[in-house]
Amino acid sequence: MRKTLLAVSIATSMMITGCSISDSANNPVTQTEAATMLNSQNPFAQASELQYQTPPFNEIKVEHYKPALDQGIAEHYQQVLEIANNSDKPTFENTIVALEKSGELLNRTSSVFYNMTGSDSNPAIREIESEMAPKMAAHSDNIHLNAALFERINTLYNQRDSLSLSNEEVRLIEVYHQRFVLAGAKLTESQKAKIRVLNEEQSTLTNEFAQRLLKMSKDSAVIVDSEAALAGLSASEIRAAKAEAKALGHEGKYAITITNTTRQPILAKLENRQLREQVWLASANRGLSGENETASLVARLAQLRAERAELLGFKSWADYRLAPQMAKTPQAVYDMFGSMVPKVVANTEKEAADIQAMINQTGGDFTLQPWDWAFYAEKVRHAKYDLDSASIKPYFEFNRVLEDGVFFTLEKLYGVTLKPRPDLPVYHEDVKAYEMFDADGTSMAIFYADYFAREGKRGGAWMSSFVSQSTLLGQKPVVVNVMNIKKAPEGEPTFVSYDEVTTMFHEMGHGTHGMFSKVKYPSLAGTSVSRDFVEFPSTFEEDWAAHPEVLANYAKHYETGEVIPQALLDKLLKSRSFNQGFDTLEYMSAALVDLEWHSLSADTPLQNVAEFEANALKKHGVDIAAVPPRYKSSYFAHAFPGGYSASYYAYMWSEILAADAFAYVQTQGGLNREIGMKFRKTIREVGNSVDPMEAYKSFRGQAPTTDALLERRGLN
């Protein structure tokens with residue numbers, strides 16, 4: 001999928017999910033002792049002296065992580081015990097603010113470590129990750145299930161309207177209370193013991209799932225013997241495939257690596273139908289068998305989550321997960337998709353008919369299959385819009401897109417600029433550091449750009465934070481955007497597809513959500529909002545990629561600097577609604593499969609993954625063979641190891657907000673500073689200090705409708 005978000009902020013989650021590991025519980029360590037036990041040469045032993053506490057990547061080594069994480073857990077647990085056992089009556093300062101300030105060492109270390117597990121992993125890091133998974137789960141439980149601590153939070157919650165607190169402070173108490181209750185704070189002691197066991201198993205299985213996925217990306221590569229079989233690829237792409245094969249130990253051959261989605265971008269170009277089928281099958285069958293199979297983990301995780309939800313008093317994991325979201329109930333999500341299915345399926349079937357006609361017209365004697373769709377869709381696109389993807393490619397050079405597209409839009413809308421900071425250390429040579437400045441020259445944040453694919457990086461695209469914003473802690477944000485763009489061979493320009501262009505805008509939407517944050521408390525900062533709201537600011541940012549003024553600024557020929565011809569630009573803009581039936585259906589199918597897995601009751605036996613998926617698609621009328629789900633369960637990183645279980649629907653839910661907001665902006669003059677600053681102040685700066693729908697209404701003046709979404713996707 002082209003837009004993924006790593007939405008878990010380790011620092012924030014540890015502050016509010018916390019607890020301790022068994023060793024810490026049995027052998028509590030004071031804060032002073034904790035500080036002296038960590039080797040002073042460990043870079044995590046003290047806050048970084050670099051600007052905004054930017055991590056000293058040039059000093060950090062793998063061997064620094066585990067001792068700092070272990071000590072961070074021990075230190076954090078001791079701090080939490082002191083808060084929970086405070087003999088003074090609970091106040092906002094001695095309980096909530098104290099929790100917000102706790103866990104400094106753990107937050108500092110985990111924010112770097114868990115970013116590295118996704119973006120620059122290796123066997124040593126993965127070994128530490130496996131060892132830490134149950135410890136982190138236990139630490140979380142020890143905080144959430146601490147009866148004395150919850151009693152203090154509950155007291156403040158019940159008194160919140162009479163404590164003369166600010167709106168943000170009341171909001172923070174409510175967020176704490178809800179998260180503790182949803183974690184099991186109200187359970188009996190025997191139920192708490194059971195949920196600890198379930199949480200530990202879930203943590204272990206999700207970690208195992210993530211690690212197997214990482215191994216799959218290497219093992220699932222398709223090795224090709226002959227260059228002739230790669231007809232349709234450019235000379236540069238063929239050279240890259242040869243270099244990839246060499247890196248995988250297949251000297252003299254060619255490797256087609258598999259991206260994290262079912263659909264593989266290379267299928268739009270490969271002329272060899274047999275090879276297309278081979279590539280698609282390598283993608284679609286991942287995780288079903290073999291050393292790195294994940295199907296068994298899918299079945300158990302779904303069952304495990306259902307058991308946990310029942311223990312917490314919910315009908316299913318989906319009911320549990322959606323309770324604190326904007327959607328509130330699974331039925332609301334089913335209703336949203338159900339209202340769209342007829343139009344989406346009708347559009348998809350029309351697209352399929354056009355593609356089948358193209359197959360027949362070009363001499364193909366076969367029925368459309370999944371591995372044919374992208375290849376023949378390009379031919380249909382060319383016929384409909386006289387648009388050849390190869391003719392667009394020279395106008396989408398990576399650096400121009402980033403600097404003259406993404407950065408240009410930020411300056412036009414929000415008044416900010418980004419300047420390179422080559423003096424700051426990075427964790428990989430392909431990563432670049434920037435500093436963000438406001439219109440008045442005030443420094444706002446540090447931004448890391450990590451856009452290129454490499455071994456050790458998980459698939460997809462996401463935003464995360466090394467340092468979260470907080471005026472309470474005196475912290476300014478340090479944010480990273482991560483993608484998996486295939487880098488061109490040395491000395492050649494890297495070109496990006498239009499999908500990758502919009503993803504760059506999308507992830508910067510998340511990035512600025514973090515970098516524009518202006519809240520006091522770290523638990524409410526930046527992207528710490530509900531799953532079905534967090535994708536709104538980022539999806540809103542996507543549409544600026546197609547704005548004529550923005551496009552004209554970055555879509556320039558990489559050699560001549562010539563702006564993309566108006567005729568070609570018009571064709572590109574008109575073609576935006578092309579294939580939207582397919583795009584929407586493959587997304588909806590994945591979201592519905594995710595929701596069905598997590599709507600199972602606790603007494604449901606383990607399911608056969610392939611059969612369950614097929615039945616779920618048929619149930620909702622989205623079982624079109626040529627359009628499989630964007631992710632199948634066995635490699636569905638969002639729903640199983642990731643944080644989007646029962647929440648993959650959030651992209652569509654957020655897109656309703658984004659489309660409605662973007663349409664409104666066009667009525668206010670479009671690309672201009674006034675409306676951009678309104679969006680920045682009412683949506684991006686407030687984080688979770690304001691109820692999401694109230695924040696939206698303060699910007700838009702009313703609740704959203706689905707009209708703009710259907711228009712955006714060409715489905716009206």
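## Exercises on a predicted model

In this predicted model, strands S4 (residues 432-437) and S5 (residues 443-452) form an antiparallel pair with six bridges.

**Exercise 1.** Place this strand pair in its sheet: determine the strand order, the edge strands and the helices that pack on the sheet.

*Solution.*
Step 1. Begin with one bridge of the pair: Met 436 has Ala 445 in S5 as its partner.
Step 2. Extend to the neighbours. The sheet is open, has five strands and mixed pairing, and runs in the order S3-S4-S5-S7-S6.
Step 3. Identify the edges. Strand S3 (417-420) and strand S6 (462-467) each pair on one side only, and these are the edge strands.
Step 4. Consider the twist. On average, neighbouring strands of the sheet are turned by 30° against each other, with direction ignored.
Step 5. Add the helices. Helix H6 (residues 104-119) packs on the sheet and touches S5, S6 and strand S7 (478-485); the direction of H6 makes about 150° with that of S6. Helix H19 (residues 498-515) also packs on the sheet, with contacts to S4, S5, S6 and S7, and the direction of H19 makes about 165° with that of S7.

**Exercise 2.** Describe how helices H15 and H23 pack, in geometry and in composition.

*Solution.*
Step 1. Set out the geometry. H15 (residues 330-361) and H23 (residues 580-597) pack at an angle of about 145°, and their axes are 9 Å apart.
Step 2. Assign the handedness: the crossing of H15 and H23 is left-handed.
Step 3. Inspect the contact. The residues of H15 include Phe 337, Met 340, Val 344 and Glu 351, while those of H23 include Phe 582, Leu 585, Met 588 and Glu 596.
Step 4. Sort by class. The contact of H15 with H23 comprises 15 nonpolar, five polar and two charged residues.

**Exercise 3.** Characterise the second largest cavity by its volume and its lining.

*Solution.*
Step 1. Count the cavities: there are three of 30 Å³ or more.
Step 2. State the volume. The second largest cavity holds about 40 Å³ of space.
Step 3. Examine the lining. Among the residues lining the second largest cavity are Ala 299, Gln 303, Trp 597, Thr 604 and Gln 607.
Step 4. Find the main contributor. Helix H13 (residues 295-311) gives the most to this lining, with three residues.
Step 5. Classify the lining: six residues are nonpolar, four are polar and none is charged.

Technical notes
Residues are numbered from 1 along each chain as its sequence is written. This is a predicted model: local features need pLDDT of at least 70, side-chain atom pairs count only at pLDDT 80 or more; totals for chains, interfaces and linings use all residues. Side-chain values use heavy atoms; hydrogens and water are left out. Axes are lines fitted to C-alpha atoms, for helices over the stretch in contact, and angles run from 0 to 180 degrees between N-to-C directions. Helices (H or I, at least four residues) and strands (E, at least two) are DSSP runs, numbered from the N terminus. A crossing is left-handed if the near helix is turned anticlockwise from the far one by less than a right angle, and right-handed if clockwise. Contact means heavy atoms within 4.5 Å. Ala, Val, Leu, Ile, Met, Phe, Trp, Tyr, Cys and Pro count as nonpolar, Asp, Glu, Lys and Arg as charged, and the others, Gly among them, as polar. Two strands pair if DSSP finds at least two bridges between them. On a 1 Å grid over the protein atoms alone, a cavity is a set of points where a 1.4 Å probe fits but cannot get out, and a pocket is an open set with protein on both sides within 12 Å along at least five of seven lines; lining residues have an atom within 4 Å of a point. Grid points are joined across faces, edges and corners, and a volume is the space filled by probe spheres set on the points.
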